[in-house]
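The following paragraphs lead through the structure shown below, beginning with one residue and its contacts and widening from there to the whole chain.

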Amino acid sequence: MSIQAKIIKKLMPRLMSGWSDGPIEAQRARQEKSNRFTKLPADTICQPVDVDGVPAEWIDAPDAASGAFLYLHGGAYALNSINTHRELVARLAHATKLRGLAIDYRLAPEHPHPAALEDALTAYRWLLTQGFAPSQIIIAGDSAGGGLALATLIALRDAGEPLPAGAICISPWVDLAHTGASIQSKAKADAILDIDSLERYAGYYAAEQDRKRPLISPLYADLSGLPPLLIEVGSDEILLDDAVRFADKARKAGVDVTLNVWDGL
């Protein structure tokens, strides 16, 4: 583990203390305030855009190539926004030389499943109308956004629509039934998430629906025919087994999967 990672891990419990406390409106307000600590890479170009009714923003590097990535933010389907993830999207845009399109999909509990999925599908289809070929598009996301990225792929495949070139998932939340062993075994090591909070947010998103429905929890889907996947996760996360089990199941279904488990993160 790098020195920087050790410092972050030591500070994280203090920085994230109480992040899930209080009414959902108060939680969202705290997350939005975190934006004041971010700093965009130099020359980042941000432009709000209406994506067929879904609020969105182009977040581009000045030397962006012809491709694009659709970014779906994390936040347990109930928190966060373009604002909280703008710096991350900007850094990805600079690193990949692709245009970044971040969206504000509808949040639970006001808008349970399938609202977020509908908005992600709308955004992908909008990119196609803007002249991007499927082979020029990547779908990416973290945590709930990672799970949403995978659900979007599954929904597109099931509908017989053209699939993007691939997906990038950072610590994807793919099992809202929480059956993975790491939910308990990594409880003390994880500096951010806890099972009680995840259970509450899973209830917000699934509402009265079965949490093992494939488009809610992609772990339970048929994964055949999906495009290449890059999955990143830390070894100390309670979502570790979500990533590992999904990668294993996808490989068995014939999907090209790269899984990176980062030790001590």
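In this predicted model, Glu-87 makes contact with Thr-38, Lys-39 and Leu-40, once residues up to four places away in sequence are set aside. Glu-87 belongs to helix H3. Its relative accessibility is 18%, and because the limit for a buried residue is under 20%, Glu-87 counts as buried. A distance along the same region gives a sense of scale: the C-alpha atoms of Glu-87 and Leu-128 are 25 Å apart in space, with their positions 41 residues apart in sequence.

Helix H3 itself spans residues 82–96 and carries a kink of about 30°, centred on Leu-88. The buried residues of this helix are Ile-82, Thr-84, His-85, Arg-86, Glu-87, Val-89, Ala-90 and Ala-93. What lies over them? The cover includes helix H2 (24–33) together with the strands E1 (45–51), E2 (54–60), E3 (68–72), E4 (99–103) and E5 (137–142).

Ala-93, also in helix H3, has a relative accessibility of 0% and is therefore counted as buried. Leaving out residues up to four places away in sequence, Ala-93 touches Ile-59, Asp-60, Ala-61, Phe-69, Leu-98 and Gly-100. Ile-216, by contrast, is 123 residues from Ala-93 in sequence, and the two C-alpha atoms are 28 Å apart.

The loop between E3 and H3 deserves separate attention. His-73 is located in this loop and is buried, with a relative accessible area of 2%. Which residues surround His-73, apart from those up to four places away in sequence? It touches Leu-79, Asn-80, Ser-81, Ile-82, His-85, Ile-103, Asp-104, Tyr-105, Leu-107, Asp-142 and Gly-145. Of these, Ile-82 and His-85 also appear among the buried residues of H3.

Ala-76 is placed in the loop between E3 and H3 as well. Although Ala-76 is not a glycine, its phi is positive, at about 60°. With a relative accessibility of 7%, Ala-76 counts as buried. A second case is found further along the chain, at Ser-171, where phi is near 50°, again a positive value in a residue other than glycine. Ser-171 sits in the loop between strand E6 (166–170) and helix H6 (182–185), and its relative accessibility of 11% makes it a buried residue.

Why do such backbone values merit a remark? Most residues other than glycine have a negative phi, and most peptide bonds are trans. The second part of that statement bears on two further positions. A cis peptide bond links Ala-108 to Pro-109, with omega at about 5°. Another cis bond runs from His-113 to Pro-114, and there omega is near 15°. Pro-109 lies in the loop between E4 and helix H4 (115–129), and Pro-114 is likewise placed in the loop between E4 and H4.

Towards the other end of the numbering, Asp-248 is found in helix H8, which covers residues 240–252. Is Asp-248 buried or partly exposed? Its relative accessible area of 35% makes it partly exposed. The C-alpha atom of Asp-248 is separated by 17 Å from that of Leu-153, a residue 95 positions away along the chain.

These local features can now be set within the whole chain. Its secondary structure consists of eight helices and eight strands. The radius of gyration is 17 Å, close to the 18 Å that the globule rule gives for 265 residues, so the chain is as compact as a globular protein of that length. Taken along the principal axes, the C-alpha atoms fill a box of roughly 45 × 40 × 40 Å.

Burial and contacts complete the description of the interior. Buried residues account for 49% of the 265 residues. Where contacts join residues at least 6 apart in sequence, 77% of them link residues at least 24 apart.

The surface and the charges remain. The chain exposes about 11,700 Å², and carbon and sulfur atoms supply 56% of that area. The chain has 26 positive and 33 negative charges, and the mean positions of the two sets are 6 Å apart.

Terms used. Residues are numbered from 1 along each chain as its sequence is written. This is a predicted model: local features need pLDDT of at least 70, side-chain atom pairs count only at pLDDT 80 or more; totals for chains, interfaces and linings use all residues. Side-chain values use heavy atoms; hydrogens and water are left out. Helices (H or I, at least four residues) and strands (E, at least two) are DSSP runs, numbered from the N terminus. The radius of gyration is taken over C-alpha atoms; the globule rule is 2.2 Å times the number of residues to the power 0.38. Buried means under 20% relative accessible area, exposed over 50%, partly exposed in between (1.4 Å probe, protein chains only). Contact means heavy atoms within 4.5 Å. Accessible areas come from the Shrake-Rupley method with a 1.4 Å probe; for residues, only the protein chains shown count as cover. Lys and Arg count as positive and Asp and Glu as negative; His and the chain ends are not counted. The place of a charge is taken as NZ of Lys, CZ of Arg, CG of Asp or CD of Glu. The bend at a residue is the angle between axes fitted to the seven residues ending there and the seven starting there.
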